Amino acid sequence: MKKIAILLVTCLAIASCKSDDEGGSEPILGNLTLDFKNVIENTDIELGTNTYTNGSAENYKISELKYIISNIVLINDNGEEFKYPVDQSYFLVNEEVSTSKSIPLSDIPSATYTKIRFGIGVDQSKYPIESGTANFIPTAEEAGMLWNWSAGYKFIKFEGTFGDADTPFLIHVGSHGATLDNYKEVTLDLSSNVIVSDSATASIGISADIAKIFDSTNTHSLVEKSDIQVDPENAPKIAENINTMFTVTAVFN
């Protein structure tokens, strides 16, 4: 009986060690950076100096460009999705601040990814604004991306002047409670697969074609409407245009 008991204990110990070896290993995690570049005609935009022409033959200059990127999802070559932690998944891209255009993502499961999906703005599940975005609110408020008089975020803040008289234009598109939802999500194919591992930080270059704010799914003339804020007719059209302006231009492993 003693021999049987000793043998049984030994077998259990071996089985336990084997189980620990098979199931106890830590997942391999890596880092990934999203590098945004705001362009017109494939050239980096210049605030306050360069003059551009939209599809309505209107000359304009840009003084301010900011937008919110959120709800980042990576899709691997098996079609499996990794959703970046939602409470950490709100970022402000500000053309005036070069570091804001580089978004670092950490603790990404090691895999080969073929697509990326992200939101432009803040989705309805995070309204009222205190719900789930508490860490982001100070950033949005400091950047002027909140309406003080309405419980909503500005998803994009696009301002400048147009015409020979340098008439100001202002395009602020966002959601306003449940009454006007302009949140959009875009899924992009990567120009080549991105391989995330623990050995190096991979990066994805994403281009935003700012000219499409005026001319894409819809065409917008500044002469017809130069101030768009809580606008149930024009804001959704601009939101549709913004949804088309992103493309992946480069991948570095």
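**Strand β6 and the salt bridges**

In this predicted model, L92 of strand β6 is the bridge partner of I68. That pairing belongs to a wider contact: strand β4, which covers residues 59-76, runs alongside β6 in the antiparallel sense, and five bridges join the two.

Strand β6 itself takes in residues 90-94 and is mostly covered, with five of its five residues buried. So which way do its side chains point? In a regular strand the side chains alternate between the two faces of the sheet. In β6, Y90, L92 and N94 point one way, while F91 and V93 point the other way. Whichever way they point, these residues are all buried.

Next come the charged pairs. The structure holds seven salt bridges, and one of them starts from the strand that pairs with β6. Here E64 teams up with K157, with 3.5 Å between the closest N and O atoms. E64 sits in strand β4 and K157 in strand β10 (residues 152-162), so this salt bridge ties together parts of the chain that are 93 residues apart in sequence. Both partners, E64 and K157, are buried.

Another salt bridge joins E95 and K101, and its closest N and O atoms are 3.3 Å apart. Are these two charged residues buried or exposed? Buried means under 20% relative accessible area. E95 has a relative accessible area of 12%, so E95 is buried. K101 comes out at 17%, so K101 counts as buried too.

A further salt bridge is made by E185 and R117, where the closest N and O atoms lie 3.8 Å apart. This pair also links distant parts of the chain: E185 belongs to strand β12 (residues 184-196) and R117 to strand β8 (residues 111-120), and the two residues are 68 apart. Here the partners fall into separate classes. R117 has a relative accessible area of 17%, so R117 is buried. E185, on the other hand, has a relative accessible area of 40%, so E185 is partly exposed.

Finally, some salt bridges share partners, and in this way E64, K66 and K157 are joined into one network. The E64 and K157 pair described above, with its 3.5 Å between closest N and O atoms, is thus part of that network.

Conventions:
Residues are numbered from 1 along each chain as its sequence is written. This is a predicted model: local features need pLDDT of at least 70, side-chain atom pairs count only at pLDDT 80 or more; totals for chains, interfaces and linings use all residues. Side-chain values use heavy atoms; hydrogens and water are left out. Buried means under 20% relative accessible area, exposed over 50%, partly exposed in between (1.4 Å probe, protein chains only). Helices (H or I, at least four residues) and strands (E, at least two) are DSSP runs, numbered from the N terminus. Two strands pair if DSSP finds at least two bridges between them. A salt bridge is a side-chain nitrogen of Lys or Arg within 4 Å of a carboxyl oxygen of Asp or Glu.
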